[in-house]
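Visitor: Hi! Could you walk me through this one while I have it open?
Guide: Happy to, let's pull it up.

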Protein chains: 2
Amino acid sequence: MENSPRLDAVLRPVRAGNAFEETVERLLRAIKLGVVPPGDRLPAERELAVRLGISRVTLREAIKYLADAGYLQVRRGRYGGAFVIYREAGAEPADLRKAVADMGQGLADALDFRMAVECGAAQVLAAATLTTHQRDTLCRRLADVDGSGPDDYRRLDTAFHLSIAELTGSTLLAGACADARLRVAHLLNAIPILQTNIDHAAVQHRAIVTAILVGDPAAAYRAVAEHLEATAALLRGFLA
Amino acid sequence: MENSPRLDAVLRPVRAGNAFEETVERLLRAIKLGVVPPGDRLPAERELAVRLGISRVTLREAIKYLADAGYLQVRRGRYGGAFVIYREAGAEPADLRKAVADMGQGLADALDFRMAVECGAAQVLAAATLTTHQRDTLCRRLADVDGSGPDDYRRLDTAFHLSIAELTGSTLLAGACADARLRVAHLLNAIPILQTNIDHAAVQHRAIVTAILVGDPAAAYRAVAEHLEATAALLRGFLA
DNA sequence: CCTCATTGGAACATTTACAGACCATTGACG
DNA sequence: CGTCAATGGTCTGTAAATGTTCCAATGAGG
């Protein structure tokens, strides 16, 4: 019996890189996913270092790097901090084509991963008994997306999708969804935001929320799958 | 707009502990999952260190610890190595209760994660067009479990479940499923293997395979969810 | 019975990461 | 207009982890 695939899956690297690299990656994720919106600041260094479980020195190196790269602006003194100054630039179709090609095999991998993990999260949430607070949060996030302007759309759309995973209460699941989304985030950002797409997405978002509130996992799956398949098909098109 | 929950999900600790602790944990999981069956040996230190992305010194400390704890026997010279001498002892209900209590909040987290990710994987696979080879592999893994003896049951059951994720072709998804299963493996091992459960599981396994082969994601979800919910409910019972 | 490739064992210098203490700056608020 | 709390900036010593090199043991195969 071959057990090499499982061996590879289990005996994989213990750590993705050194502390500095992992920290940069983590902060970049928070920035690109809009967890900390442009103009806002990261938590204070001392607090953030504790959150991330690293030393302040290492954190500062990562912040320095991101400041040099143009993502953060650091200001001293009380009411200072590391402010997000990054804003997603609209990419050219040629750039998107190149980005898709660069991912190669990784694109299908990432899309499948995202599909599995977001569908799973929605179903888990639909199968759970929700508190009033959970229902309210979900509806509020939906309203946020619907009421957003062009500048905020991506960020609030991301917030909506991630909140589904977060509401399950599983940090592992939330982390997986955040990871999945980040892997395709730069591609999604390169797709122009058309009113048609927004309207279409709004209908699908509402279907997802309804299925979850009603407690229908099967409907939740169909709604999420349909929603994600739309963008996935668009991206896959660039591979042909 | 509150964004603290998303902030917690993304800005969480970069590393679970020091390299030594993480390595011990990783090896222990490989052993308890049966990825390296009793009597077999781990890969050579030099190779394993590369696989795990750590130094040989750190790996050796972890191996030393596991040898002292009675999981491994280390032999020198050519054809030597670190041999697995651990055999799953039927755990006392008290031990299981303690183990469940120790996981605390992490248990619900892990169970939800596993549910989401395994359901998602099965649905992705069911939605895909499968090659003959994929179908054969799936059926073979199912047959392996059905034809297994008490000693091999856990290991082959794990192999069956993981092969679903592997067959999607997404390494990210396979990794997530392996991770999910590893987190509850030691609890599952503590549950006695009853013929009733095996028979019940066999029916459910067959339902999962059928749903995937037929290409029915909804049925795949129901089958996997029902299968996982059985053990999840059992474990949750120890929290009450 | 010897050889030797392969394996674990041990020591070294170097790099990375950490913890903690202290300094410098800022701006809201009294 | 000064205070001072909260923030980033800097330094030092310590511990952890690494990379490298060499040594020691083993046993299948010649």
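**Chains, DNA and a loop**

Guide: Let's start at the rotation axis: the residue of chain A that comes closest to it is A:G120, with its C-alpha at 2.3 Å. Keep in mind that this is a predicted model.

Visitor: What turn and shift lay chain A on chain B?
Guide: A turn of 179° with a shift of 0.4 Å along the axis does it, and the RMSD is 1.4 Å. The two copies are therefore related as by a two-fold rotation axis.

Visitor: And through which surface do the copies meet?
Guide: Through the same surface, because 96% of the interface residues of chain A are also interface residues in chain B.

Visitor: Switching to the DNA: how many residues surround strand D?
Guide: There are 24 around DNA strand D, and the closest are A:R78, B:N18, B:T58, B:G77 and B:R78. Two or more residues each come from α4 (56–68) and β2 (81–84) of chain A, and from α2 (19–33) and α4 (56–68) of chain B.

Visitor: Which element gives the largest share?
Guide: That is α4(B), with 3 residues.

Visitor: How do the residues there divide into nonpolar, polar and charged?
Guide: The surface near DNA strand D has 9 nonpolar, 8 polar and 7 charged residues.

Visitor: One more spot. Where is B:I191?
Guide: B:I191 sits in the loop between α9 (171–190) and α10 (195–214) of chain B.

Visitor: Why does B:I191 count as partly exposed?
Guide: Because B:I191 has 16 C-beta neighbours inside 10 Å, and partly exposed lies between the cut-offs of 12 or fewer for exposed and 20 or more for buried.

Notes:
Residues are numbered from 1 along each chain as its sequence is written. Chains are lettered from A and ligands numbered from 1 in the order in which they are written. This is a predicted model: local features need pLDDT of at least 70, side-chain atom pairs count only at pLDDT 80 or more; totals for chains, interfaces and linings use all residues. A residue is near a molecule or strand if its C-beta atom, placed from the backbone, lies within 6 Å of it. Helices (H or I, at least four residues) and strands (E, at least two) are DSSP runs, numbered from the N terminus. Ala, Val, Leu, Ile, Met, Phe, Trp, Tyr, Cys and Pro count as nonpolar, Asp, Glu, Lys and Arg as charged, and the others, Gly among them, as polar. Copies are superposed by least squares on the C-alpha atoms of residues with pLDDT of at least 70 in both. Two residues are in contact if their C-beta atoms, placed from the backbone, lie within 7 Å.
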